[in-house]
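Student: Hi! Could you help me look at the charged pairs in this protein?
Tutor: Happy to, let's open it up.
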Amino acid sequence: MSQKIVLPETLSLQGYDHLLVAFSGGMDSAVLLHMLAGLRETRGITLRAVHIHHGISRYADDWQQHCQQVCDELGVPLLIRKVTLHTEGRGTEAAAREARYAAFSELLQAGEALVTAHHQDDQCETLLLALKRGSGPAGLSAMPPVLRFCSEVLIRPLLSFTRQQLAAYAAHHQLQWVEDDSNQDPAYDRNFLRLQILPQLEQRWPHFTAAVTRSAELCGEQEALLDELLRPELAHLLTHENALPVAPLAGFSAVKRAAVLRRWLMHCGAPMPSRDALARLWREVALSRDDANPRLSLGEGELRRYDQHLWWVRVTAGQRQTHLHWADRHTPLPLPAGLGCLATAEQGIKLRRPAADEQLSVRFSVQGKLYIVGRDRGRSLKKIWQECGVPPWRREITPILFYNDEPVCAPGVFVTRYADPKDLPDSHCWWLNWTGRP
């Protein structure tokens, strides 16, 4: 039976007209790019494409050349990004996906939407893989048509169309595409489903893929409803630093607590935990002894408890041995390990201006006692961190400014008497700002 040709006019772009298309060169993305190129005049679309060169296949260079040729013919600017896969502790599929989306996040511009060619068959495969992992409703909702991505969105306008419909479009328009040789390897889970399992299911139940897609949509609706119902309560619980108090959670049912914790982690940008990880979070972190310093790894961060609150924090190496010379305070000083930079500003931490013979430096530790503004006697840095409520994981990554060998301030925490601007006119002061802090 012939397939009805997909019409580009039916694509929903969620109101976005600046698009970055993920273009692998395969049939799906070739169809998507061709459709969007045809909509530029009628929809006023501004279009760019990006091709990720994984370097896995011996044909990767040929695929790159093909993508460049297609984009040249369509008049679409093409960005090429070569990536290195880090497969430690994960499979090639997961590593390649992570590398792709990391590259997309770097290239996506403000006001621009990332567009991918995922279709109905991909949706079905994703749900079956989620079932294999024992996922709950969030995982079974598979891929939504629009998703927050970085500070913008990711759009999947082809989710309602089957692979066969896209193939019919490609044949009708005589499109050319590349075939990834790895797509025929059933060792990959997704290929195993596509090559061996789904054909049998479709033969037995011809509308199986469409039915599975409806199930994914229904799971997505239930998750959206839970989001709507729990969002106000979560917002009320969160501190301004996205920490979550333990005490109110203890009064929730186990089901509600799990739902709130998952949404909190999503809000923090953490990966979704398994049921076992969620149980360990509550048992080993939230309910640990008061004098304990519990931590549980999750993605690129750790789950911690401090001051009777739960935190998800990105792991950052301590900088205790770091010593930075700041030659010119009018030039921003970049800090290591993604800790932002220190800069002179029009507002911020007010300090006494350094004398001509005082050299500026930044360190992350102090020996001896500190005499800070607002305290009547000297204290160790450890004691000051505790009194000021600075969590343990921030104590070796918070910069401390020095004039010569005298500590001056830790931005946002304390100012020492040595640089106290009290009773000084503004002409004898300056303002320090810590921008891009983690």
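Student: Is D121 buried or exposed?
Tutor: In this predicted model, D121 counts as buried, because its relative accessibility is 15% and the cut-off for buried is under 20%.
Student: And which side chain does D121 meet in a salt bridge?
Tutor: That would be R163, with 3.6 Å from N to O. R163 lies in helix α7 (residues 163–172), while D121 lies in helix α5 (residues 120–133), so the pair ties together parts that are 42 residues apart in sequence.
Student: Oh nice. What about R163, how accessible is that one?
Tutor: R163 is partly exposed, at 22% relative accessibility.
Student: Changing topic: how many salt bridges are there in the whole structure?
Tutor: A search of the whole structure turns up 23.
Student: Okay, what does R283 form a salt bridge with?
Tutor: Its partner is E284, and the closest N and O atoms are 3.5 Å apart. R283 has 47% relative accessibility and counts as partly exposed. E284 is partly exposed too, with a relative accessible area of 34%.
Student: Got another one? Which residue does the R289 side chain meet?
Tutor: R289 meets D291 in a salt bridge, at 2.9 Å from N to O. R289 counts as exposed at 57% relative accessibility, and D291 is exposed as well, with a relative accessible area of 63%.
Student: Last thing: which residues do salt bridges that share partners join into one network?
Tutor: Those are D121, D122, E125, R163 and R190. You already know two of them, D121 and R163, from the bridge we discussed earlier.

Key: Residues numbered from 1 in each chain as written. Predicted model: local features only at pLDDT ≥ 70, side-chain atom pairs only at ≥ 80, totals over all residues. Heavy atoms only, no water. Salt bridge = Lys/Arg side-chain N within 4 Å of Asp/Glu carboxyl O. Helix = DSSP H or I, 4+ residues; strand = E, 2+ residues; numbered from the N terminus. Buried < 20%, exposed > 50% of the residue type's maximum accessible area, 1.4 Å probe, protein only.
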